Every structure is written in structure tokens, then in C-alpha cells.
Amino acid sequence: MSGFDDDERINAFEKRHDSTNTIRPEVNGRVPAPHQPQPQHPTVNTSLPSTRSSSVSSSRSKLSQYSYLGQQEGTPLNTRVASPYTLNPPIDFDGLSWPSVGARARLEQTEEEAKAREGRIADAVKTILTELGEDPNREGLLETPERYARAMLFFTKGYEDNVKDVIKRAVFEEDHDEMVIVRDIEIFSLCEHHLVPFFGKIHIGYIPNSRVLGLSKLARLAEMFSRRLQVQERLTKQVAMALWEILEPQGVAVVIEASHMCMVSRGVQKSGSSTLTSCMLGRFRDAQKTRDEFLTLIGKR
Ligand SMILES: [Zn+2]
């Protein structure tokens, strides 16, 4: 990827927002230029079967659309490409954001459909219980499948949220260009590899560029992305990139420290261990002093 200078970045932004689609949050009652419309539902990646023929080109245009985020050598976005998913944008045309293969169906389901969904999950859990050597009909387990189904739906309720609703009208024009940090936000998420919880704290910082976000919304954003099947690295990036998209700030810094049940409960690591991930964008990435200030303020230095 070639380097972008500021003008190119701005041009790219204007181009993307030059359409009639309205996902951008309102800024003090003013609706900013909306996102570029995407030709289809956003979940496009090469490892999921797609019935849509335009998936490849759409995927490409999406990558280039967001390429400014990974414009420089050595950014978090293009040095860790172990998963192509990480290159997907955190905000898409309908704000549901990926992975959302079934998210829309879930979001728009009727009450009966929701009940039926819960029932199907519960049936699957009965199978699991049986295969574990249990008797799903014994008293203690009688309602476990339904309970588990409801719990799983809650743990993944972030699929039913979208950035637009989370942000609402909480983006404000403000002549403030000092670091804003909300630290120690509790997060609970599910490891997508083992379907067991990981949980801990997220610290979010940004340097505004004449736009600020209502502080509680930082926690809401973290909640939305963490109530999905996740890996900690991606969760970190998604929160950072969403904030980058929403505010167009001078910089974004996100650090997550979390304890993974799949690690601590299986003896892979000692139970006190935690995993730290970070995503630094803009000035936090470019200027070590700024980054150090952030890390000091969140007590990680
Ligand atoms: Zn795991």
C-alpha cells in the first residue's frame, strides 16, 4: 500500500461519504456526509461461502476503501494479517458490522421466530448433554438447554446492535484537542475458538479533532463489539477502528487486558494470567511520547 498524505486521506473520506446513504451519526443535529453505499450485505470474506456473485469485488473495494487505516508500513493492521477478518471495516453500510451472516435475520425476527431459534439452540444443547454422558431429563438439567440458549443469545446480543444506534446523537463539535481517556471499562466476551468467556478491562483513549463522543458511548461501543464471538485482538481493533471512523480524530488508542477461561481453566497458563492487546492509530502510533502518556495514564507503564 502506498502512503497517503493528508489531502489524499481527506479526499478518500469525502469520496466515501459522498452518497445518499445515511449511516453517519448526527452531529449536533447536522447529518454529516454518509457512508459510501455498499453493493450488498457486508459480511463478505473469503472463507465463508457466499451466494452472492459480487462478493469478491465488494470485498476488494472494501479493503481499498479502508486502506488509509493501514496506510503505513508496520501498522497494527497490516503487520498482523493472520486473519483476513481483521481487515474488514468495523462499520458498514447498515451499521451492523461484521460478522453478520445471520445478524440481520436475528435483528428482524418476529417473536415466534425468536422462540423457534431459542428452541433449536436448546435442542442442540440437549444433544451436547447426552453426548457428555449426562441425562438431560434428570431434574437438575431439565431446563438447562433453554437456560443456556437464552444465556448464549444474551452473550451474543451485540449482533443485534449497530454503531448508528449506539452513537445516536452523542457526537459533538467541540474545540478540544487534548487526550480523552476512559479506562477500566469492564468487558465480557466469548472466545470464538472455545465458546467460553474471556473478560477483563478495556481502556479507550483518543485525541479529538474538533469532535468528541459522549463518554458513556465509549463503553457502549465496547459492549456492542464484545457481546459477540470474538478474539481479543479483533475486539481491540474493532473498537479502535469504529472510533476512528466515527470521530475522525487525531489518534485512537485501545488497550484490553483480559483473562481467557479457555487458557486459565485448562492449565495452559496459570490462573492469574492475563492477555494484553493494543491498537494504536494516528498520533498514538506515530508519536511514542503520546503513546507513552496514554500508557502511563492507564497505569500500564
Ligand atoms: Zn479460547
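Here is a friendly question-and-answer walk through the predicted model shown above.

Student: Before we look at any detail, which conventions apply?
Tutor: Residues are numbered from 1 along each chain as its sequence is written. The model is predicted, and local features need pLDDT of at least 70, side-chain atom pairs count only at pLDDT 80 or more, and totals for chains, interfaces and linings use all residues.

Student: What is the mean pLDDT of the protein chain?
Tutor: pLDDT is the predictor's confidence in each residue, from 0 to 100. In the protein chain, 65% of the residues reach 70 or more. The mean pLDDT is 75.

Student: Over which residues does pLDDT stay under 50?
Tutor: Where pLDDT is low, the predicted coordinates should not be read in detail. The model does have 112 contacts beyond four places in sequence for the stretch in question, a contact being two residues whose C-beta atoms, placed from the backbone, lie within 7 Å. The stretch with pLDDT under 50 is residues 1–86.

Student: How many helices and strands does the protein chain have?
Tutor: Both are DSSP runs numbered from the N terminus: helices are H or I with at least four residues, and strands are E with at least two. By that count the protein chain has twelve helices and seven strands.

Student: What is the strand order of the open sheet of five strands?
Tutor: Two strands pair if DSSP finds at least two bridges between them. Pairing in this sheet is mixed, and the edge strands, β5 and β7, each pair on one side only. The order is β5-β2-β3-β6-β7.

Student: Do β2 and β5 run parallel or antiparallel?
Tutor: Two bridges join β2 to β5, which covers residues 229–230. L190 stands opposite L229 in β5, and C191 stands opposite Q230. The two strands run parallel.

Student: How many bridges pair β2 and β3?
Tutor: Strand β2 is residues 180–191 and strand β3 is residues 197–207, and they pair in the antiparallel sense. I181 has G205 in β3 as its bridge partner. In their hairpin, with five residues between the strands, L195 takes a positive phi near 55°. The number of bridges is nine.

Student: Is E186 of β2 buried or exposed?
Tutor: A residue is buried if 20 or more other C-beta atoms, placed from the backbone, lie within 10 Å of its own, exposed if 12 or fewer, and partly exposed in between. E186 has 12 other C-beta atoms within 10 Å, so it counts as exposed.

Student: How many bridges join β3 to β6?
Tutor: These strands run antiparallel, and K201 has E257 in β6 as its bridge partner. On its other pairing, β6 meets β7 in the antiparallel sense over eight bridges, with G251 opposite G282 in β7. For β3 and β6 the number is ten.

Student: Which element gives the most to the largest nonpolar core?
Tutor: A nonpolar core is a set of buried Ala, Val, Leu, Ile, Met, Phe, Trp, Tyr and Cys residues joined through C-beta atoms within 7 Å. The largest one here has 37 residues, and those with the most contacts inside it include L221, V239, L243 and V252. At least two residues each come from α7 (163–167), β3, α8 (215–226), α9, β6 (251–260) and β7 (275–282). With nine residues, the element that gives the most is α9.

Student: How many of the 16 residues of α9 are buried?
Tutor: This helix covers residues 232–247. The helix is largely enclosed by the rest of the structure, because the buried residues number 15.

Student: Why does the length of α9 agree with what is expected?
Tutor: The expected span of a helix is 1.5 Å times one less than its number of residues. For the 16 residues of α9 that gives 22 Å, and this agrees with the distance between its end C-alpha atoms, 23 Å.

Student: At about what angle does α8 run to β2?
Tutor: Axes are lines fitted to C-alpha atoms, for helices over the stretch in contact, and angles run from 0 to 180 degrees between N-to-C directions. The buried residues of α8 include L218, L221 and F225, and the elements covering its buried residues include β2, β3 and α9. The helix lies across β2, β3 and β5, and its angle to β2 is about 20°.
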